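Please examine the sequence and the structure shown below before reading on. The explanation then moves through them step by step.

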Amino acid sequence: MKFNKRSLIRWKVYFDRSRMYIGYVQFFLIGIVFIQSFKNEPWGDLIFKYALISIPLLFIAFIFVSLFLGYLDSKLGFR
């Protein structure tokens, strides 16, 4: 079976791009699971009572913590 090298490279690029978008969806779902984990906690009532304020703030904090960890990884080379 003969493969076209350009086609294989193009398919790999398509695959890599789709993994990037799947990663964005995964990132959003991790945030939802993180927030849902507080539902049964004593102070979790405050999160869900004031959900219009607390949930966006938690997502913003989650994003900043992720950016900070990525920055540390880039500068200090954790991996």
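The following paragraphs treat the helices, the salt bridges and a surface patch in turn.

The model is predicted: local features need pLDDT of at least 70, side-chain atom pairs count only at pLDDT 80 or more, and totals for chains, interfaces and linings use all residues. Residues are numbered from 1 along each chain as its sequence is written, and side-chain values use heavy atoms, with hydrogens and water left out.

Helices here are DSSP runs of H or I with at least four residues, numbered from the N terminus. Helix H1 covers residues 5-36. The expected span of a helix is 1.5 Å times one less than its number of residues. For the 32 residues of H1 this gives 46 Å, and the end C-alpha atoms are indeed 46 Å apart, so the two values agree. At the N-terminal end, Asn4 caps H1, with a side-chain oxygen 3.3 Å from the backbone nitrogen of Arg6.

Which residues of H1 are buried? They are Ser7, Gly31 and Ile35, where buried means under 20% relative accessible area, exposed means over 50%, and partly exposed lies in between (1.4 Å probe, protein chains only). What covers these buried residues includes helix H2 (44-49) and H3.

H1 also holds a group of charged side chains. A salt bridge is a side-chain nitrogen of Lys or Arg within 4 Å of a carboxyl oxygen of Asp or Glu, and by this rule the count comes to two. In one of them, the side chains of Asp16 and Lys12 meet at 2.5 Å, N to O. These residues are four apart in helix H1, and therefore about one helical turn separates them. Asp16 also forms a salt bridge with Arg19, with the closest N and O atoms 3.2 Å apart. Here the partners are three residues apart in helix H1, which again means a separation of about one helical turn. Salt bridges that share partners thus join Lys12, Asp16 and Arg19 into one network. The general principle is that an α-helix has 3.6 residues a turn, so residues three or four places apart point the same way. Asp16 itself is partly exposed, because its relative accessible area is 28%.

Helix H3 spans residues 51-76. Its 26 residues should span 38 Å, and its end C-alpha atoms are 36 Å apart, which agrees. Gly77 follows H3 and has a positive phi, near 65 degrees.

The surface also carries a nonpolar patch, whose residues include Phe27, Trp43, Leu46 and Leu67. Patches are made of residues with over 30% relative accessible area and no salt bridge; like charges are joined within 9 Å, and nonpolar side chains (Val, Leu, Ile, Met, Phe, Trp, Tyr) within 5 Å. Together the patch residues have about 1,200 Å² of accessible area, computed by the Shrake-Rupley method with a 1.4 Å probe. The largest share, seven residues, comes from H3. Leu67 lies in this helix and counts as exposed because its relative accessibility is 54%.

Note on methods:
Helices (H or I, at least four residues) and strands (E, at least two) are DSSP runs, numbered from the N terminus. Contact means heavy atoms within 4.5 Å. A polar contact is a pair of N or O atoms within 3.5 Å; within protein, one must be able to donate a hydrogen and the other to accept it, and residues adjacent in sequence count only if both atoms are side-chain atoms.
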